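User: Hello! I am new to this structure and would love a close look at one part of it. Could you pick a spot and walk me through what surrounds it?

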Amino acid sequence: MNRRAFLVSAAGCGVTAVAGCSSLFEASRPDELEGIDPESQLSTPTLGSGDVTVDVYEDLGCRYCHEFQADVFPDLEASYLETGGITYRHFDFPVEAADESVAMANAARAVQAETGTDDDSNGQFFEYRSAVIEHDDWSDEALAELAESVGVDPASVSSALADETYYPTLAADWDRGAEAGVERTPTVVVDGEIVDEPLEFDEISDAIDDAS
């Protein structure tokens with residue numbers, strides 16, 4: 001599927017009260033994650049170690065998440081991560097913005113598992129996530145082949161996709177988000193408080209400064 005082609009039936013991306021991708025109905029786990037026991041098999045992908053925690057819930061198929069990564073994250077990085085002001089944490093919250101939303105998240109976690117170390121539990125997670133967002137094909141074959149760009153054997157991603165290996169991690173992230181009041185992606189939570197306008201850097205910056 002081309003990354004610009006999104007579902008409009010089971011999920012929607014648009015401007016409601018807040019721009020973002022969300023289920024048309026009450027937020028619920030994707031069908032693929034129903035019946036999966038939540039378990040944090042992998043550590044939370046994390047950047048920085050500042051006093052203020054910024055949690056970002058994303059669906060890798062959501063075009064507003066792509067906008068966040070392109071336009072907001074670089075400012076967060078320059079203003080807060082490089083200065084040691086925040087701890088930035090990624091959580092998967094697939095709302096089926098694309099047919100492959102769950103598969104993309106599963107593949108990214110496979111890359112994390114393959115490349116993470118005791119010193120760097122992220123491994124190549126963030127690099128692979130960026131590559132997926134920029135890619136034009138999100139089929140299982142393409143997701144596996146893309147792993148080579150970050151030094152991972154495509155077979156390991158193919159295996160994780162076939163076996164749904166990291167669904168428990170995705171389910172655990174999803175449940176955490178639901179408990180925090182997440183309803184759409186991206187959702188930015190600063191020290192436990194949801195930011196109303198997640199695509200506005202100034203809104204996030206004000207929340208960080210208030211929490212500091």
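Analyst: Happy to! Let's begin with Arg129, which touches Glu58, Leu60, Gln69, Tyr88 and His90, leaving out residues up to four places away in sequence. Please keep in mind that this is a predicted model. Arg129 sits in helix α3, which covers residues 125-134. Is Arg129 buried or exposed? With a relative accessible area of 2%, Arg129 falls under the 20% limit, so it counts as buried. Its side chain has a polar contact with the side chain of Gln69, at 3.0 Å. Gln112 lies 17 residues away from Arg129 in sequence, and the two are 9.9 Å apart in space, C-alpha to C-alpha.

One of the residues that Arg129 touches, Tyr88, leads us to the nonpolar interior. The largest nonpolar core has 54 residues, and Tyr88 is among those with the most contacts inside it, along with Phe68, Leu76, Tyr128, Val157, Ile204 and Ile208. Helix α1 (residues 63-81) gives this core its largest share, eight residues. Apart from this core lies another one, of five residues, including Leu33, Val102, Ala105 and Leu170.

Val157 is a good next stop. Setting aside neighbours within four places in sequence, Val157 is in contact with Ala107, Ala110, Val111, Tyr128, Leu143, Ala144, Ala147 and Val152. Val157 also belongs to the buried residues of helix α5 (residues 154-163), together with Pro154, Ser156, Ala160 and Leu161. These buried residues lie on the same side of α5, because they cover an arc of only 160° around the axis. Their cover includes α2 (101-115), α3 and α4 (140-146), so our starting helix turns up here again, as one of the elements over α5. On the other side of α5, Ala162 and Asp163 are exposed. At the start of α5, a side-chain oxygen of Asp153 comes within 3.0 Å of the backbone nitrogen of Ala155. Just after α5, Glu164 has a positive phi of about 55°.

Finally, let's return to Glu58, another residue that Arg129 touches. Strand β4 spans residues 52-58 and runs antiparallel to β6, with four bridges joining the two. Val56 has Val188 as its bridge partner in β6. Strand β6 (residues 187-190) is covered on both faces, with Thr187 and Val189 buried on one side and Val188 and Val190 buried on the other. β6 also pairs with strand β7 (residues 193-194) in the antiparallel sense, over two bridges. β6 and β7 form a hairpin with two residues between them, and Asp191 in the turn has a positive phi of about 45°.

Terms used. Residues numbered from 1 in each chain as written. Predicted model: local features only at pLDDT ≥ 70, side-chain atom pairs only at ≥ 80, totals over all residues. Heavy atoms only, no water. Buried < 20%, exposed > 50% of the residue type's maximum accessible area, 1.4 Å probe, protein only. Pairing = 2+ DSSP bridges. Contact = heavy atoms within 4.5 Å. Polar contact = N/O pair within 3.5 Å; in protein donor to acceptor, adjacent residues only side chain to side chain. Core = buried A, V, L, I, M, F, W, Y, C linked by side-chain atoms within 4.5 Å. Arc of directions from axis to C-beta.
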